[in-house]
Every structure is written in C-alpha cells, then in structure tokens.
Amino acid sequence: IDIKTLLSIKEVWLVAGIIFCGYQVFWSTYSFSGFLQVHFNLSAVAAGFITVAKLWMRPIGGIGGGIIGDKFGNTKVLGICLVGSACGLLIMSFLPALGTVVFLLIIVLLIGVMTYTIRALYWVILDGCDIPIYITGLGIGLISVIGYLPDVFVPLINGYFLGTYPGSTGFVYFFTYIAAVSLIGSLITAYLHVCLKRKQAKKLGK
C-alpha cells in the first residue's frame, strides 16, 4: 500500500527523473582526465592537476549552491546548473585542440561547481513534494533505485563510445550524450518547479 501511495505521487517520479539525469552529469566528470590527454595532448600530470582541482569545487558547489538555492529557489538554481553543465560539456568537447590550459581549467572548474551544486540540491527539492512523513524513508529508497541506475549503464555507454570511436571522437559522442541528458533533466526540473508553484498557490488559496 505504501509503495502504491508513493507511485501515485507525480513529484516522486519527477525527482527521480532529475536525479537520474543529474547523476549522469556527475558520472561524466570521471572521463575528463582521459579526454584532456587524448584531445588536448596534455600530460598525465597536467590532466591530473585539472581533474584534482575540480574535486576542490565540492565544498564551493555544495555549500555555495545550497546558499544560492535558498535565496533564489532550489529548482531554479538546479535547472540553471543542469543547462550550464550541458553547455560546459559541449564547449569542452568541441573546443579546438589548441585551447589553452588556463581556459580548460576554467571550463572544468565551472562544470565541477555546477555538478556539485546539482548533487547538493536534487535531494532538497524533495521537501515540497508532499510525501507523507511515515513513508519518507521508503520514498527516498525508491527514488534512489531509479536515480542511481546510471551506475549500471553509464560505464557501458562510455565504453561503447570509446571502443567504437577511438580517440577523442568517442569522448565527444559521450559528452554530447550526457549534455542531452542534462538538458532533459533541466526540462523535468522546470516542470517540477511549475507543479510545486501550483501546489503552493492552491494551499494559499485555501
């Protein structure tokens, strides 16, 4: 009965879809080091420095994203970061191989900030979804099963592209796929934003 109740709540599916998309964006960052070495001919040390620097964006994206989300609206900030991540991935993918290391560092750091902001905010939006308190834990579990499914198939997709299209081409196809998923996530977030606004308006009307 509890499962049936959860499945009847539209917002549960929307949050699961957002996490499903956002988590794939995060997964794509694991491929940055290889791409930087193959496409931009960076040394392993230089590529490692850039990707490690991205990890330091975790507190900035997590804490800063949370503060900005509280001020301007979590769904708004989440949607902007999903669109921004998609743009960043496309810019990095189609940037000429002559791109400077400094510009690459900036792009990777910006993507890092946005991916960590996405991870910080996609659970916060659950608050406005009116999930009954007594099944909140079950709801989180159900959403997690759907949202974290990319752990199963994203490595396979990545492996397929890299195996089928050697060199930087495989990375470009993979990042383009992730960018498309990120844009889909932004559309789901926008729809959730509208749904939550309508719910809030109805409550105020009562």
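How many salt bridges does the count come to in this structure? In this predicted model, the count comes to one salt bridge, and that pair joins glutamate 11 to lysine 199. The points below take up this pair, then the packing of two helices, and then a nonpolar patch on the surface.

**The salt bridge**
- The closest N and O atoms of glutamate 11 and lysine 199 are 3.4 Å apart, which satisfies the criterion because a side-chain nitrogen of Lys or Arg has to lie within 4 Å of a carboxyl oxygen of Asp or Glu.
- Distant parts of the chain are linked by this pair, since glutamate 11 belongs to helix α2 and lysine 199 to helix α10 (residues 168–205), with the two positions 188 residues apart in numbering.
- Glutamate 11 is buried, at a relative accessible area of 5%, whereas lysine 199 is partly exposed, at 26%.

**Packing of helices α2 and α7**
- Helix α2 (residues 10–28) and helix α7 (residues 101–121) have axes that come within 10 Å and cross at roughly 145 degrees, and the crossing is left-handed.
- On the α2 side the meeting residues are Gly22, Tyr23, Val25 and Phe26, while α7 contributes Thr115, Tyr116, Ile118 and Arg119.

**The nonpolar surface patch**
- Ile3, Leu7, Trp13 and Leu138 together make a nonpolar surface patch of about 350 Å².
- Isoleucine 3, one of these patch residues, is found in helix α1 (residues 2–7) and is partly exposed, with a relative accessible area of 40%.
- Isoleucine 3 therefore passes the accessibility cut-off for a patch, its 40% standing against a requirement of over 30%.

Methods
Residues numbered from 1 in each chain as written. Predicted model: local features only at pLDDT ≥ 70, side-chain atom pairs only at ≥ 80, totals over all residues. Heavy atoms only, no water. Patch = residues over 30% accessible without salt bridge, like charges linked within 9 Å, V, L, I, M, F, W, Y side chains within 5 Å. Areas by Shrake-Rupley, 256 points an atom, 1.4 Å probe, with all protein chains shown as cover. Helix = DSSP H or I, 4+ residues; strand = E, 2+ residues; numbered from the N terminus. Buried < 20%, exposed > 50% of the residue type's maximum accessible area, 1.4 Å probe, protein only. Axes fitted to C-alpha atoms, helices over the stretch in contact; angles between N-to-C directions. Left-handed = near helix turned anticlockwise from the far one by under 90°. Contact = heavy atoms within 4.5 Å.
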